[in-house]
Amino acid sequence: MPDPRRWLILAVLMVALFMSLIDVSIVNVALPSIQLGLDASQSQLQWVLSGYALAFGVGLVAAGRAGDIYGRGALFISGVAIFTVSSIACGFAQDANLLNIARAFQGIGSGLLNPQAVGMIQQHFRGEERGRAFGFFGAAVGVSVAIGPVLGGSLINVFGMEHGWRWVFFVNLPVGIAAIVLAARWFPKPLFDNQPVEGARAPSVIRDLDPGGAVLLGLAVFALLLPFVETGGGPWMWSSLPVGLALVAAWLWWERRQKRRDHNPMVDLDIFRVASFANGALLVSLYFVGITSVWVLLALYMQDGLGHTALAAGLIGLPSAILSGVAALWGGRNVTRLGRKLVIGGLYIALLGLATSILVVWLRSIGLASEWWLLLTLGFIGVAQGLVISPNQTLTLADVPLTYAGSSGGIMQTGQRIGTSVGIAVITALAFRVLASSGWSWAFMAGFAAIMVVVVATLFVAYRDLHHRQAA
């Protein structure tokens, strides 16, 4: 029987997810304020973003597996607590180094709670209800990305440039406390005891968590992400890429060895033989390579290119955020009926939004349009966000065993983090190369054109999955 508290549980998950995800985008507009308030160098400012991204990404799969084994509720609450306490530490930081240490702990907390949310949705919802639940998940993702700059710009306007950045972190305190109190009240008890799952072996020792696999994969993700998040490290930094690939190969060998020895691997690699999971994980990774760069390029174009304030740069994405939430809820309700065709339709809408945004910027460059027409064209991208992220999550995890729900969700989120870091590094590098010889308009258009190429590649993966589903 379904848990009668499942919608209350989902509400707690969404509050904490929104808090952790909004922290990715809200800090972007706070960087000038941080630089003024702490006299931070460019390298220190970069690590305000990079430290969070690295700490967030390296432990996602291990955290998801730990929740699968020992109980998702307790680890979720622990992640929220770590994130909340480190947010306070960020707000009170007296120099940039202390801020970056606290930001790394924020990333650890976020990486701990996110896969538990995916696993708990898998655990407490079935059938069409699961699609609706992931619809709320997608709404939280889409709205948090776009609303972050608006909230950050507003707080800095209210509290001033020198100290406004501190309130970007302090706002997490009441949200985190509320999430912890409600989770302790509504989550199933005991928190450290997962409901038994058919075919699952009861954990008895720490080796069931597969610490060897956790270390190998964490180091691999760190090595793969490092050259993309630390762009000022010089050519030697790229040597970590082959090291990361070698570590991935070592991790794959280790996981197969664990299964041959009848030990519980951190990730059962057989899930990659499930076409829906393999295609869906690749699809969302590619999608994040492209689409997350939209908001980075938009902020640069509006502020550096056109001289608008951080608040104005954030507000131009507000209609997109609202439409993303609405589309995610609609997509969640209809994903069972429409299947992969829903995601394919969302990708075509994304291409429409990207192409019309390029047209608006070109017309503005020749004096025939205003940049505020982007309010309309970015709305298409918001709709696409809602129709791609949450329906793809539902379709990708539909055939994954519940015993690996958390670690499988961690794999998907790790792909998103790697895709985001790679995409932002590559696409912004292309935009700045064009900027060196042309203006911001051409740099913006070149970046958006590159994003369109990535979305087209994502479409091929979506059609491949559709073909597999029809053949089955």
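**A walk through the helices**

Let us start in helix α13, where the buried residues are Ser-293, Val-294, Trp-295, Leu-297, Leu-298, Leu-300, Tyr-301 and Met-302. Everything described here comes from a predicted model, so please read each value as a property of that model. Right after α13 ends, Gly-307 adopts a positive phi of about 80°.

One residue from that buried set, Tyr-301, is a good place to turn to the aromatic side chains. Its ring pairs with that of Phe-444: the two centres are 4.9 Å apart and the planes stand at 45°, so the pair is classed as tilted, a label for angles that are neither under 30 degrees nor over 60. This pairing joins distant parts of the chain, since Tyr-301 belongs to helix α13 (residues 293-305) and Phe-444 to helix α19 (residues 440-471), with the two positions 143 residues apart. Tyr-301 and Phe-444 are both buried.

For another geometry, look at Phe-432 and Trp-440. Their rings form an edge-to-face pair, with 5.9 Å from centre to centre and 70° between the planes. Are these two partners buried or partly exposed? Phe-432 has a relative accessibility of 41% and therefore counts as partly exposed, while Trp-440, at 14%, falls under the 20% limit and so counts as buried. Elsewhere, Phe-92, Phe-159, Trp-167 and Phe-170 come together in one aromatic cluster.

Now move towards the start of the chain, to helix α4 (residues 60-70). Nine of its eleven residues are buried, which means that α4 is largely enclosed by the rest of the structure. The buried residues are Leu-60, Val-61, Ala-63, Gly-64, Arg-65, Ala-66, Gly-67, Asp-68 and Ile-69. Which helices do they pack against? The partners are α3 (42-58), α5, α6, α10 (211-229) and α18. Following α4 comes Gly-71, and the phi of this glycine is positive, near 125°.

Two of those partners of α4, namely α5 and α6, also pack against each other. Helix α5 (residues 72-92) and helix α6 (residues 96-124) have axes 7 Å apart, at an angle of about 155°. Angles over 145 degrees count as roughly antiparallel, so α5 is placed in that class relative to α6. The crossing of α5 past α6 is left-handed. Sorted by class, the residues of this contact comprise 13 nonpolar, eleven polar and two charged.

Compare this with the packing of helix α15 (residues 318-338) and helix α16 (residues 340-365). Here the axes come within 7 Å and cross at roughly 125°. This angle lies outside the ranges for parallel, perpendicular and antiparallel, so α15 is oblique to α16. On the α15 side, the residues that meet α16 are Trp-330, Gly-331, Asn-334, Val-335 and Leu-338, and they face Arg-340, Lys-341 and Leu-342 of α16. The contact of α15 with α16 contains four nonpolar, two polar and two charged residues.

A few single residues round off the tour. Gln-416 sits in helix α18 (residues 405-437). With a relative accessibility of 9%, Gln-416 is under the 20% limit and so counts as buried. What does Gln-416 touch, not counting residues up to four places away in sequence? Its contacts are Val-284, Ser-285, Phe-288 and Gln-393.

Ala-184, in helix α9 (residues 172-186), is partly exposed, with a relative accessible area of 37%. Once neighbours within four places in sequence are left aside, Ala-184 is in contact with Ile-77 and Lys-189. The partner Ile-77 is 107 residues away in sequence, yet the C-alpha atoms of Ala-184 and Ile-77 are 7.8 Å apart in space.

The last stop is Leu-252, which is found in helix α11 (residues 240-260). Leu-252 is also partly exposed, having a relative accessible area of 27%. Along the chain, Leu-252 and Val-267 are 15 residues apart, and their C-alpha atoms are separated by 9.4 Å.

Key: Residues are numbered from 1 along each chain as its sequence is written. Side-chain values use heavy atoms; hydrogens and water are left out. Axes are lines fitted to C-alpha atoms, for helices over the stretch in contact, and angles run from 0 to 180 degrees between N-to-C directions. Helices (H or I, at least four residues) and strands (E, at least two) are DSSP runs, numbered from the N terminus. Angles under 35 degrees count as roughly parallel, over 145 as roughly antiparallel, 65 to 115 as roughly perpendicular and the rest as oblique. A crossing is left-handed if the near helix is turned anticlockwise from the far one by less than a right angle, and right-handed if clockwise. Ala, Val, Leu, Ile, Met, Phe, Trp, Tyr, Cys and Pro count as nonpolar, Asp, Glu, Lys and Arg as charged, and the others, Gly among them, as polar. Rings of Phe, Tyr and Trp (its six-membered ring) pair if their centres lie within 6.5 Å; planes under 30 degrees apart count as stacked, over 60 as edge-to-face and the rest as tilted. Buried means under 20% relative accessible area, exposed over 50%, partly exposed in between (1.4 Å probe, protein chains only). Contact means heavy atoms within 4.5 Å.
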